[in-house]
Amino acid sequence: MADDDAVAERIDSRADAPHFGGESAQRQRAPEEAALNAETDRLEKPRFGIRLRHARKLRGLSLDELSTRVGLTEGYLSKIENDRSMPSIPTLHRIVEALGININALFSETERDGGPVLVIRREDRPRMETGHRRSGDRVVLEQLVPSGPEHMLQINIHVIEAGGGSREAISHRGQEFGLVLEGCLDLSVDGNWVNLREGDSFYFDSSLGHYYVNPGSGIARILWVNTPPTF
């Protein structure tokens, strides 16, 4: 097991993803990173810890038992539950999978007017920050479809800063579709890398290990669809 800093360092040290960079690329990234930082600063601090704690207690699990299941220390899990640490997407996925929920269930609830069409205005879109900039695994998720048993689709926009990504393969049941709205993406599925540019789409079986990296010098925005909602 490892604490949050060790986890971040371990994720950051993975070297099997393509590497792009250099001083000139870093200078080019500055405006885009500033824009993402401004967006992130606008976000509230993570407030999904109480939902994780509630799900854990509903399943009758102690922190020690959950720690054993997901391979993280009790101290790190406690920090997450108390909103004092932001896990990466792969780490968060391990936790929610062990608790029998999905990442969508951690977003703040969306108000509904009871009509036949669910509308989420852009300015009201729930957002969640995951990961750490120092580890290169920070990703902001923008929720487009709320969590709930009546929804068969899990749809988010993944906002990934230059050089960032999920950096650790995850797998789960279902299928996935994506569309690159902005920027570019290197996607690994079952060890096979594909490079995607703005306007490109992709589709794969979620049971295959998958993760991604933004190799570009600017922000990448990816429309990402999962069905059923198992991410």
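# A tour from the largest cavity outward

The largest share of the lining of the largest cavity, 3 residues, comes from β8. That is where this tour begins. Keep in mind that the model is predicted.

**Stop 1: the cavity.** Select Ile89, His158, Ser166, Ile170, His172 and Glu176. Then add His210, Tyr211, Tyr212, Trp224, Asn226 and Phe231. Together these residues line the largest cavity. Two elements give two or more residues each to this lining: β8 (210-213) and β9. The space inside comes to about 100 Å³. How many cavities of 30 Å³ or more does a search of the whole structure find? The count is 3. Now colour the lining of the largest cavity by class. You should see 6 nonpolar, 5 polar and 1 charged residues.

**Stop 2: Asn226.** Stay with the lining and pick Asn226, one of its residues. Asn226 sits in strand β9, which covers residues 220-227. Is Asn226 buried or exposed? Its relative accessible area is 1%, so Asn226 is buried. Next, show side chains. The side chain of Asn226 makes a polar contact with that of Glu176, at 3.2 Å. Glu176 is also among the residues that line the largest cavity. Leave out residues up to four places away in sequence, and Asn226 touches Met152, Leu153, Gln154, His172, Gln175, Glu176, Ser206 and Phe231.

**Stop 3: the aromatic rings.** Switch on the rings. The structure has 4 aromatic pairs. Select Trp193 and Tyr211. Their ring centres are 5.4 Å apart and their planes stand at 80°, so this pair is edge-to-face. Trp193 belongs to strand β6 (residues 192-197) and Tyr211 to strand β8, so the pair ties together parts 18 residues apart in sequence. Which of the two is buried? Tyr211 is, with a relative accessible area of 8%. Trp193 counts as partly exposed, at 30% relative accessibility.

Move on to Tyr212 and Trp224. Here the ring centres are 5.2 Å apart and the planes are at 40°, so the pair is tilted. Tyr212 is in strand β8 and Trp224 in strand β9, so this pair ties together parts 12 residues apart in sequence. Both Tyr212 and Trp224 are buried. Now add Phe202 and Phe204 to the selection. With Tyr212 and Trp224, they form one aromatic cluster. Tyr212 and Trp224 also appear in the lining of the largest cavity.

**Stop 4: helix α6.** Go back to Ile89, another lining residue, and select residues 89-99. This is helix α6, and 9 of its 11 residues are buried, so the helix is largely enclosed by the rest of the structure. Which residues of α6 are buried? They are Ile89, Pro90, Thr91, Leu92, His93, Ile95, Val96, Ala98 and Leu99. Step just past the end of α6 to Gly100. Gly100 takes a positive phi of about 75°.

**Stop 5: Asp64.** Select residues 63-70 to show helix α4, which holds Asp64. Asp64 counts as partly exposed, with 42% relative accessibility. Now add Glu74. Asp64 and Glu74 are 10 residues apart along the chain, and their C-alpha atoms are separated by 6.0 Å.

**Stop 6: Glu182.** Select residues 175-182. This is strand β4, and Glu182 is part of it. Glu182 counts as partly exposed, at 33% relative accessibility. Draw a distance from Glu182 to Arg197. The two are 15 residues apart in sequence, and 7.9 Å apart in space from C-alpha to C-alpha. What does Glu182 touch, not counting residues up to four places away in sequence? Its contacts are Glu198, Ile219, Ala220 and Arg221.

**Last stop: the whole chain.** Zoom out and show the cartoon. The chain has 6 helices and 9 strands. Colour by accessibility next. Of the 231 residues in the chain, 48% are buried. Finally, show contacts between residues at least 6 apart in sequence. Of these, 70% join residues at least 24 apart.

Methods. Residues numbered from 1 in each chain as written. Heavy atoms only, no water. Helix = DSSP H or I, 4+ residues; strand = E, 2+ residues; numbered from the N terminus. Buried < 20%, exposed > 50% of the residue type's maximum accessible area, 1.4 Å probe, protein only. Polar contact = N/O pair within 3.5 Å; in protein donor to acceptor, adjacent residues only side chain to side chain. Contact = heavy atoms within 4.5 Å. 1 Å grid on protein atoms, 1.4 Å probe; cavity = no way out; pocket = protein on both sides within 12 Å on 5 of 7 lines; lining within 4 Å. Points joined across faces, edges and corners; volume = space filled by probe spheres on them. Nonpolar A, V, L, I, M, F, W, Y, C, P; charged D, E, K, R; others polar. Phe/Tyr/Trp six-rings, centres within 6.5 Å; stacked < 30°, edge-to-face > 60°.
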